[in-house]
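Would you like to get to know a structure by working through it in small steps? Take a look at the picture and the sequence, then try each exercise before reading its solution.

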Number of protein chains: 2
Amino acid sequence: MSATGDVFPLDKDDVPTHWYNVLADLPFEVPAPQPPLARDTGAQEARALRPQLPLSLYRQGTGSGRYVEIPGPVRTEYQRWRPTPLYRATRLEKALDTPAHIYFKFEGTSPSGSHKINTALPQAYYYSRSGVAEMVTGTGAGQWGTALAMACHPYGMECTVFMVRCSYEQKPYRGTLMRLNGARVIKSPSTLTEVGRAALRENPDAPGSLGIANAEAIEYAATRPAARFSIGSGENHVLLHQTVLGEEALLQMRRAGEFPDVVIAAMGAGSNFAGITFPFYREARTHNPDLRFVAVEPEACPKMTRGTYALDYTDYSGVTPRMKMYTLGHKFAAYHIHAGGLRYHGAAPIVSAMYDNKLVEAAAYTQTRVFEAGRTFAKAEGIVPAPESAHAVAHAVEEALQARRQRRGRVILFSMSGHGLLDLGAYEQFLSGEMVDSEPSDEEIQASIRSLP
Amino acid sequence: MSATGDVFPLDKDDVPTHWYNVLADLPFEVPAPQPPLARDTGAQEARALRPQLPLSLYRQGTGSGRYVEIPGPVRTEYQRWRPTPLYRATRLEKALDTPAHIYFKFEGTSPSGSHKINTALPQAYYYSRSGVAEMVTGTGAGQWGTALAMACHPYGMECTVFMVRCSYEQKPYRGTLMRLNGARVIKSPSTLTEVGRAALRENPDAPGSLGIANAEAIEYAATRPAARFSIGSGENHVLLHQTVLGEEALLQMRRAGEFPDVVIAAMGAGSNFAGITFPFYREARTHNPDLRFVAVEPEACPKMTRGTYALDYTDYSGVTPRMKMYTLGHKFAAYHIHAGGLRYHGAAPIVSAMYDNKLVEAAAYTQTRVFEAGRTFAKAEGIVPAPESAHAVAHAVEEALQARRQRRGRVILFSMSGHGLLDLGAYEQFLSGEMVDSEPSDEEIQASIRSLP
């Protein structure tokens with residue numbers, strides 16, 4: 001199929017047949033997870049957690065093969081909405097008066113509205129095959145919870161979602177959407193778990209965090225024999241599943257006849273970032289050795305730009321294996337920014353190792369600057385970015401303006417990981433001038449980092 | 001491209017090159033519009049209105065040619081998101097335990113979230129070529145206003161939208177979305193026009209109606225030399241533009257290897273209904289002479305099932321030409337149902353004539369039954385229907401259950417004209433059991449119809 005205007009379409013047959021495992025191509029070892037410390041958790045919980053993962057997912061996260069075949073039924077599900085579109089944002093280029101070419105891959109056309117369903121579906125598939133009847137998870141902004149709820153239904157599994165309270169209250173309709181898809185939605189911290197009750201004792205108005213929501217989900221799942229905890233980002237197998245995003249974008253950039261100079265994505269725990277960048281990392285050696293990758297985070301949760309590279313837990317209560325990662329400490333409570341999906345304290349181990357090895361750059365933006373970029377983009381291109389995705393837009397704009405100052409071309413590709421149709425309340429706040437910025441002080445970050453295991 | 005599972009994909013090249021003009025194939029004349037009566041309006045306004053339409057749109061609405069070529073730049077815009085997907089709803093079939101095959105065409109993947117942009121784009125194109133600098137319109141639920149705002153931007157035109165107040169308040173984020181796309185949004189009735197001021201004098205809390213919003217838009221546009229009023233449904237040229245929907249669905253049903261026994265769509269003024277049904281009407285003679293078409297309306301606004309076939313105005317204040325249509329009277333004020341797009345008092349002249357000639361059937365459903373169908377569909381298929389589109393779902397479910405009772409196969413196709421992501425507040429009301437039904441009494445309808453011109 002040929003390119004049409006600024007659209008670079010693919011056929012259903014072009015949906016990838018394999019996920020790409022970047023571990024096969026990294027010039028260093030990614031540090032292995034370490035068991036949790038006995039002082040932080042009972043030995044029993046520590047032993048219990050790892051085997052919860054179905055063997056196929058465990059193998060996917062540790063394998064050395066370059067490609068993992070996508071199971072037929074999962075690929076068929078992908079094909080319900082994939083390939084997703086890749087556009088050249090010519091109207092944005094014009095609005096910015098830049099010589100740069102700006103491309104974006106749009107995952108907002110998925111049924112859940114974001115990239116998250118790319119891993120929710122295979123996870124539901126593998127868990128269902130291993131006899132699990134209920135999936136339990138934590139969600140921040142609700143993108144992941146929505147995706148998992150939708151993925152469970154085809155396999156006849158129940159779905160229980162602990163949703164970070166401040167996000168739940170900012171975006172009540174995310175809860176409605178999950179319930180319409182058959183999920184049970186619980187505000188976190190909740191009174192259903194010891195972790196939740198402790199958090200509420202400490203602060204009855206606790207806004208919650210993804211760390212606490214995940215800790216609650218882990219505790220809750222452990223009490224139900226046919227239930228398993230599942231996670232929407234960070235883990236190696238999750239990053240692997242998201243590479244469908246970058247593999248398609250590679251083909252589409254080929255149709256566009258260009259190879260990027262920089263690939264940009266918002267950085268929560270890293271699955272969206274990994275999804276779009278890893279396949280380009282593989283191809284950069286032959287196509288553009290100077291290709292840069294930029295992970296964009298909120299100044300309110302600056303794990304890459306201001307965190308430390310250390311072993312830390314992925315959940316609040318410290319029952320998960322310790323991972324070597326860029327982190328602000330697993331008890332870090334980010335301010336209530338609207339990009340709830342980026343309020344996570346740590347960066348995925350693989351992305352962290354790449355950052356430590358200078359294969360990846362990072363940048364941080366304030367909330368108002370991010371929404372300003374989101375508005376500019378929406379007006380130019382007619383698509384409202386999710387607040388998370390607007391972080392990538394903010395940096396893409398920055399790169400495009402730099403190209404203008406230098407009077408040189410630049411090919412920019414970024415991931416528009418989701419639409420912002422459930423975030424219009426946040427945009428309304430921005431348009432009416434009521435949005436404020438906040439970021440942690442050095443003292444707050446130091447205090448949080450001191451609690452590392 | 002071959003079918004994959006329950007998806008029937010098309011190429012970008014399959015986006016129609018022509019709109020289909022059903023007037024060429026109808027076995028009767030559709031009654032021509034009549035000028036407004038002098039007792040209802042000054043002669044000046046009556047003369048002023050018709051020439052506002054660019055000549056190409058006027059010709060499209062009155063021509064006898066079977067096909068109208070889509071201008072290249074409009075087709076290129078269509079190709080940014082078209083073809084839209086057609087799915088077989090196998091999970092819904094399973095949930096209903098029906099032998100029927102249920103297909104749906106999904107227009108919710110468009111940038112504006114509904115089918116409305118299919119006519120907004122060509123209208124903006126033709127108006128811009130005729131030197132217009134500002135488009136003015138009325139919108140009910142906001143789907144049309146959003147589409148027009150998005151369509152104006154590429155042509156550098158301003159966009160002013162009068163939005164029915166009760167919809168504006170039920171769905172504030174629709175206003176945000178229009179503003180993000182550069183439009184000016186005004187609650188109707190407003191104090192900006194004589195029509196609005198009169199409505200507010202009568203009732204300061206007037207919920208508004210699409211008739212009033214359009215009347216305000218007409219009055220406002222008349223005071224600005226470079227502004228024109230544009231309409232999102234009902235007119236012949238609007239119905240023509242929407243046939244891209246049905247032309248694609250025809251191709252996709254061919255890929256699926258089936259031809260429908262019944263085609264179903266929600267009925268506001270009729271553009272979505274016309275869009276999906278007209279191309280099937282053309283093909284029915286050779287493929288299935290028994291093919292039925294069902295227009296589905298809310299019991300709260302039953303213009304087809306309880307209205308009368310008469311000459312009426314399309315706007316509240318009676319300055320537009322009188323059209324022969326099924327109507328509840330142009331002063332009819334429907335209850336505040338969530339399907340704001342279906343609160344319009346009349347049915348498009350072409351659809352009305354087809355209904356009068358028994359080529360089309362009609363059905364009406366209560367609001368709670370419509371939302372119940374929407375929930376069933378969302379849980380099964382992972383897509384939340386707009387409340388308007390859920391009317392089509394409700395009737396599709398009814399047809400599928402009838403097929404089950406008769407133990408006979410039936411091929412059902414319906415238009416899922418838009419997604420319900422901005423209507424989750426209404427679904428929340430339904431889920432929490434707070435939704436109520438209301439419908440006009442015979443006396444109310446008779447009183448309203450007595451005011452016909």
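Below are four exercises, each with a worked solution.

This is a predicted model, in which local features need pLDDT of at least 70 and side-chain atom pairs count only at pLDDT 80 or more, while totals for chains, interfaces and linings use all residues. Residues are numbered from 1 along each chain as its sequence is written, chains are lettered from A in the order in which they are written, and side-chain values use heavy atoms, with hydrogens and water left out.

**Exercise 1. Describe the contact of chain A and chain B: how many residues does each give?**

Step 1. Count the residues that touch, where contact means heavy atoms within 4.5 Å. Chain A gives 41 residues and chain B gives 41 residues.

Step 2. Turn to the buried area, which is the accessible area (1.4 Å probe) that two parts lose on being put together, summed over both. For chain A and chain B this comes to about 3,900 Å², with 63% of it on carbon and sulfur atoms.

Step 3. Look for the main contributors in chain A. R80(A), R91(A) and L180(A) lose the most area to chain B, together 20% of what that side buries.

**Exercise 2. Find how many salt bridges cross the interface of chain A and chain B.**

Step 1. Apply the rule: a side-chain nitrogen of Lys or Arg within 4 Å of a carboxyl oxygen of Asp or Glu. Across this interface, it finds 8 salt bridges.

Step 2. Pick an example. R91(A) and E77(B) meet through their side chains, at 2.3 Å from N to O.

Step 3. Ask which elements of chain A take part, with helices (H or I, at least four residues) and strands (E, at least two) being DSSP runs numbered from the N terminus. Those giving two or more residues to the side that touches chain B are α3 (72-78), α8 (172-180), α16 (367-381) and α18 (424-431) of chain A.

**Exercise 3. Work out how chain A is related to chain B.**

Step 1. Recall that two copies of a chain are related by a rotation about an axis and a shift along it.

Step 2. Superpose the copies by least squares on the C-alpha atoms of residues with pLDDT of at least 70 in both. A turn of 180° and a shift of 0.0 Å along the axis lay chain A on chain B with an RMSD of 0.0 Å.

Step 3. Draw the conclusion: the two copies are therefore related as by a two-fold rotation axis. The same surface serves both, since 100% of the contact residues of chain A recur in chain B.

**Exercise 4. Which parts of chain A does the salt bridge of R292(A) and E399(A) tie together?**

Step 1. Check the pair: the closest N and O atoms of R292(A) and E399(A) are 2.6 Å apart.

Step 2. Place each residue. R292(A) lies in strand β10 (residues 292-298) and E399(A) in helix α17 (residues 387-406) of chain A, so the salt bridge joins parts that are 107 residues apart in sequence.

Step 3. Compare their surroundings, where buried means under 20% relative accessible area, exposed over 50%, and partly exposed in between (1.4 Å probe, protein chains only). R292(A) is partly exposed, with a relative accessible area of 26%, whereas E399(A) counts as buried at 4%.

Step 4. Go on to chain B. There, E399(B) forms a salt bridge with R410(B), with the closest N and O atoms 2.5 Å apart. E399(B) is buried at 3% relative accessibility, and R410(B) is buried with a relative accessible area of 10%.
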